[in-house]
Amino acid sequence: MTNSEPKIVAFCCHYCAFAAADLAGVLRLKYPPNVHIIRLPCTGKLDTLYILKAFEAGADGVIVAGCLEGGCHFISGNLRAKKRVLAVKGLLARIGIAPERLEFFNLSSAQGDRFAQIAREMTERIKSLSSSVLTPLPEGKG
Amino acid sequence: MIVADQKPIEEILQMLEPYRKVLFLGCQTCVAVCMAGGEKEVGLLAAAVRLARKHQGRPIEIVEGAVKRQCDDEFNEPWAKTIEQQEAVLSLACGVGVNKLSERFDVPILPALNTKFFGEVERQGVWAEVCAGCGNCILHLTGGICPIARCAKNLLNGPCGGVRADGTCEVAQNGSRPCAWVMIYERLGKLNQRQNLENIFGAKDWSSDRHGGPRKRIREDMLLEG
């Protein structure tokens, strides 16, 4: 990983995205190595504080990846996480951080290729944003 | 419990503008239950403010904490040294906590919340006002449903002409608020106490409410001095 690669933290559900990432590895699919995976028992476990702490710790982007809608092992964990991600996106926008740096994805454990695609998509998206997440604004802005 | 709302982040950032070293102090009682100012909200708000200030190029040093009850000196006292070392304190307690800290410390105490009402937990994420704290309960006559808090007009002898056919109040445009007096009628029916409705309440003495000025309760037998 080079310094120019954006750092991305991916909060992945144990039952889908985490398994999909594992499958991507087994299938020898290439995806950017700058994606750091944190396994959750379900995205319903996601605390909004985890997202903010990830940005505070220097992440340039955060992925939250849960099961397909209707496929959550805990019935509605992914739906709840999606709402929390939406709320944090709103907060990020209000404190001057591009909400595009955070995204929620749905996928199944069989979608190793989709996981690799998401990792590439987010890396490209963040690279296309003008500056690093905490680049100070010019004096008097923000 | 006392129900409060967090102020918009923009307003909080504006209040914090002159300060670089601040304590964010939550309260673990009412405002923690209504998810506005507990330990968790302190963490979230502190992270958001730190990010915003870094983004503005003016980092802020935040100490995070929460006390059991900010309305009580004895719980705040362990924080005295920390508070005195700050340029300001952002209190995530209700207005009572902000007042209490302001009486005790010569440091600006800033309110992070808008204190709203006395409420019940309707369901997770929803709190409803059910008591107005008017100082003169008549709940034994109204089936435990308060017309002062739950009727938009505080009517003691309702319902008014604004009740809709479906039993909702005309004040809530989407029909989401049930008429307090319809609720009282139904409840008294269940309790076989509809005869209570034959008593007409006289004009209410509002002196026990805030209309008599700030209130104070004193229990002589519990005072330590004298």
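**Group meeting: helix packing and selected contacts in chains A and B**

H2(A) crosses H3(B) in a left-handed manner. I start there, and I should say at once that this is a predicted model. The residues that make this contact on the H2(A) side are Thr48(A), Leu49(A), Leu52(A), Lys53(A), Phe55(A) and Glu56(A). On the H3(B) side they are Gly43(B), Leu44(B), Ala47(B), Ala48(B), Arg50(B), Leu51(B) and Lys54(B).

Now the geometry. Two packed helices are described by the angle between their axes and the distance between the axes. For helix H2 of chain A, residues 48-56, and H3(B), the angle is about 30 degrees and the axes are 9 Å apart. Angles under 35 degrees count as roughly parallel, so H2(A) is roughly parallel to H3(B).

H3(B) also packs within its own chain. Which helix of chain B comes within 11 Å of helix H3, axis to axis? That is helix H1 of chain B, residues 9-16, and its axis crosses that of H3, residues 39-55, at roughly 65 degrees. H1(B) is therefore roughly perpendicular to H3(B). This crossing is right-handed, whereas the one between H2(A) and H3(B) is left-handed. From H1(B), the residues in contact are Ile9(B), Ile12(B), Leu13(B) and Leu16(B). They meet Leu45(B), Ala48(B), Val49(B), Ala52(B) and Arg53(B) of H3(B). Ala48(B) is listed in the contact with H1(B) and also in the contact with H2(A).

Next, chain A as a whole. It has four helices and four strands, and from the N terminus the order is β-α-β-α-β-α-β-α. Chain A has 142 residues, and 44% of them count as buried. Taking contacts in chain A between residues at least 6 apart in sequence, 76% join residues at least 24 apart.

One example is Leu23(A), in helix H1 of chain A. Leaving out residues up to four places away in sequence, Leu23(A) touches Ser109(A), Ala110(A), Gln111(A) and Gly112(A). Leu23(A) and Ala110(A) are 87 residues apart in sequence, with their C-alpha atoms 7.3 Å apart in space. Is Leu23(A) buried or exposed? Neither: its relative accessible area is 26%, so Leu23(A) is partly exposed.

On to aromatic rings. Over all chains there are three aromatic pairs. One of them is Tyr15(A) with Phe74(A), an edge-to-face pair at 5.9 Å between centres and 65 degrees between planes. The two residues are 59 apart in the chain: Tyr15(A) is in the loop between strand S1 and helix H1, and Phe74(A) is in the loop between strand S3 and helix H3 of chain A. Tyr15(A) is partly exposed at 34%, and Phe74(A) is partly exposed at 45%.

Chain B has charges over rings. Arg194(B) lies over the face of Tyr185(B), 3.6 Å from the ring centre. Lys204(B) has its charged end over the ring of Trp206(B), 5.2 Å from the centre.

Both Lys204(B) and Trp206(B) touch Cys134(B), and that is my last residue. Cys134(B) is in the loop between strand S7 and helix H7 of chain B. Its other contacts, again without residues up to four places away, are Ile148(B), Ser208(B), Asp209(B) and Arg215(B). How accessible is Cys134(B)? Its relative accessibility is 8%, so Cys134(B) counts as buried. Gly158(B) is 24 residues from Cys134(B) along the chain, and their C-alpha atoms are separated by 18 Å.

Notes:
Residues are numbered from 1 along each chain as its sequence is written. Chains are lettered from A and ligands numbered from 1 in the order in which they are written. This is a predicted model: local features need pLDDT of at least 70, side-chain atom pairs count only at pLDDT 80 or more; totals for chains, interfaces and linings use all residues. Side-chain values use heavy atoms; hydrogens and water are left out. Rings of Phe, Tyr and Trp (its six-membered ring) pair if their centres lie within 6.5 Å; planes under 30 degrees apart count as stacked, over 60 as edge-to-face and the rest as tilted. Buried means under 20% relative accessible area, exposed over 50%, partly exposed in between (1.4 Å probe, protein chains only). A charge sits over a ring if NZ of Lys or CZ of Arg is within 6 Å of the ring centre and within 35 degrees of the ring normal. Axes are lines fitted to C-alpha atoms, for helices over the stretch in contact, and angles run from 0 to 180 degrees between N-to-C directions. Angles under 35 degrees count as roughly parallel, over 145 as roughly antiparallel, 65 to 115 as roughly perpendicular and the rest as oblique. A crossing is left-handed if the near helix is turned anticlockwise from the far one by less than a right angle, and right-handed if clockwise. Contact means heavy atoms within 4.5 Å.
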